[in-house]
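Reader: I've got a structure open and would like to talk it through. Can you walk me around it, starting with the overall make-up?

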Amino acid sequence: ELETNSKPSDNTVSTDGTLTTAQINEKVAPSVVGIVQYQSNYFEPTGEGSGIILSEDGYIATNAHVIENADSLEVVLSDGTTYKGTVVGYDSKTDLAVIKIDASGLTPAELGVSGELKVGEKAIAIGNPGGLIYAGSVSEGIISGLNRSLRAANDGYTMNFIQTDAAISPGNSGGALVNEFGQVVGINSQKLSANGYEGIGFAIPINDVIDIITDYMQYGYVTGRPYMGILNPQDTDDYAQIFGWPEGVYVN
């Protein structure tokens, strides 16, 4: 089971345990990976993103939209070592995924407590904006807002996000949003890219996803989520015509 830790690291630069940006990068960068997806009909990569190492034996968290539709995955560690990635499970509703590489002795990220964040705190984004060509990029900003309600990528649930002005670009998806103690407090997910807007990025709070991530690591699927197999009555007209069924509400 994943553990969170709200206590500061021993590698401190002040009495309250905060780290410099350089120390934060030194601590967290080995826990952030590049993820390259390939589809069988293409000779070049069809997508690139980031991920966060969760365990020494190779479990990695990322966004679902980073790995969806991939026929194969390549995971690149901060030192350049490359592994084949296997999808453990992904959840489009919350835009979360867990993948696995066959490795040992990795450096898992230390997870913080996103519920303790305050607007104005320092925020560091670590990932691969634009893909591996800018691998391991670090951007700094602040926590601009909390509990920002918007839909997850790929038409998912409406969720509460952390807002930050730390630069988040395509390729940062799945990477780490880190607090001033070098603890991961969010998974960078998306940005507001409409004309006239600058510096509005969003991360999924780590406390909101720990249960989902842990479920994938332990069971391979999300537990405790009921499903009703009732079709939308608006769709049943087509079924009635195709199969000769009476119109109504269909239950699977």
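Author: Sure, and keep in mind that this is a predicted model. The chain has 4 helices and 12 strands.

Reader: How much of the chain counts as buried?

Author: The chain has 252 residues, and its accessible surface comes to about 12,900 Å². Carbon and sulfur atoms own 47% of that surface. As for residues that count as buried, the share is 46%.

Reader: What share of the contacts with a separation of 6 or more comes from residues 24 or more positions apart?

Author: Leave out the pairs with a separation below 6, then pick those 24 or more positions apart. Their share of the contacts is 60%.

Reader: Which strands make up the closed barrel?

Author: There are 6 of them, with antiparallel pairing. Neighbouring strands are turned by 50 degrees against each other on average, direction ignored. Helix H1 (residues 21-28) packs on this sheet, touching E7, E8 and E10, and its direction makes about 40 degrees with that of E7. The order of the barrel is E7-E8-E9-E12-E11-E10.

Reader: Is E12 largely enclosed or open, and why?

Author: In the barrel order, E12 sits between E9 and E11. It pairs antiparallel with E11 (residues 184-191) over 5 bridges, and with E9 in the antiparallel sense over 3 bridges. Because 5 of the 5 residues of E12 are buried, the strand is largely enclosed by the rest of the structure.

Reader: Which residue in E12 is the bridge partner of Ile 187?

Author: E11 covers residues 184-191 and E12 covers residues 201-205, and the two run antiparallel. Ile 187 touches residues including Phe 202, Ala 203 and Ile 204. The bridge partner is Ile 204.

Reader: Which residues touch the most other members of the largest nonpolar core?

Author: That core has 31 residues. Helix H3 (residues 206-218) gives the most to it, with 6 residues, and Ile 187 touches Ile 206, Val 209 and Ile 213, among others. Apart from this core lies another of 14 residues, among them Val 33, Ile 35, Ile 60 and Leu 106. In the largest core, the ones touching the most other members are Val 178, Val 184 and Ile 187.

Reader: Over in E9, which side chain does the side chain of Gln 163 make a polar contact with?

Author: Gln 163 is in strand E9 (residues 158-164), and its relative accessible area of 12% makes it buried, because the cut-off is under 20%. Among the residues Gln 163 touches are Ile 142, Ser 144, Arg 148 and Phe 202. The polar contact, at 2.7 Å, is with the side chain of Arg 148.

Reader: Which residue in E12 stands opposite Thr 164?

Author: E9 and E12 pair over 3 bridges. Gln 163, also in E9, touches Ile 200, Gly 201 and Phe 202, among others. Opposite Thr 164 stands Gly 201.

Reader: Asn 69 has a positive phi; is this residue buried or exposed?

Author: Phi of Asn 69 is near 70 degrees, and the residue isn't glycine. Its place is in the loop between helix H2 (64-67) and strand E4 (72-76). The relative accessible area is 64%, and since the cut-off is over 50%, Asn 69 is exposed.

Reader: And Asp 95, buried or exposed?

Author: Asp 95 is found in the loop between strand E5 (82-91) and strand E6 (96-100). Its phi is near 60 degrees, again a positive value in a residue other than glycine. With a relative accessible area of 0%, Asp 95 is buried.

Notes
Residues are numbered from 1 along each chain as its sequence is written. This is a predicted model: local features need pLDDT of at least 70, side-chain atom pairs count only at pLDDT 80 or more; totals for chains, interfaces and linings use all residues. Side-chain values use heavy atoms; hydrogens and water are left out. A nonpolar core is a set of buried Ala, Val, Leu, Ile, Met, Phe, Trp, Tyr and Cys residues joined through side-chain atoms within 4.5 Å. Buried means under 20% relative accessible area, exposed over 50%, partly exposed in between (1.4 Å probe, protein chains only). Contact means heavy atoms within 4.5 Å. A polar contact is a pair of N or O atoms within 3.5 Å; within protein, one must be able to donate a hydrogen and the other to accept it, and residues adjacent in sequence count only if both atoms are side-chain atoms. Accessible areas come from the Shrake-Rupley method with a 1.4 Å probe; for residues, only the protein chains shown count as cover. Two strands pair if DSSP finds at least two bridges between them. Axes are lines fitted to C-alpha atoms, for helices over the stretch in contact, and angles run from 0 to 180 degrees between N-to-C directions. Lists of a residue's contacts leave out its neighbours within four places in sequence.
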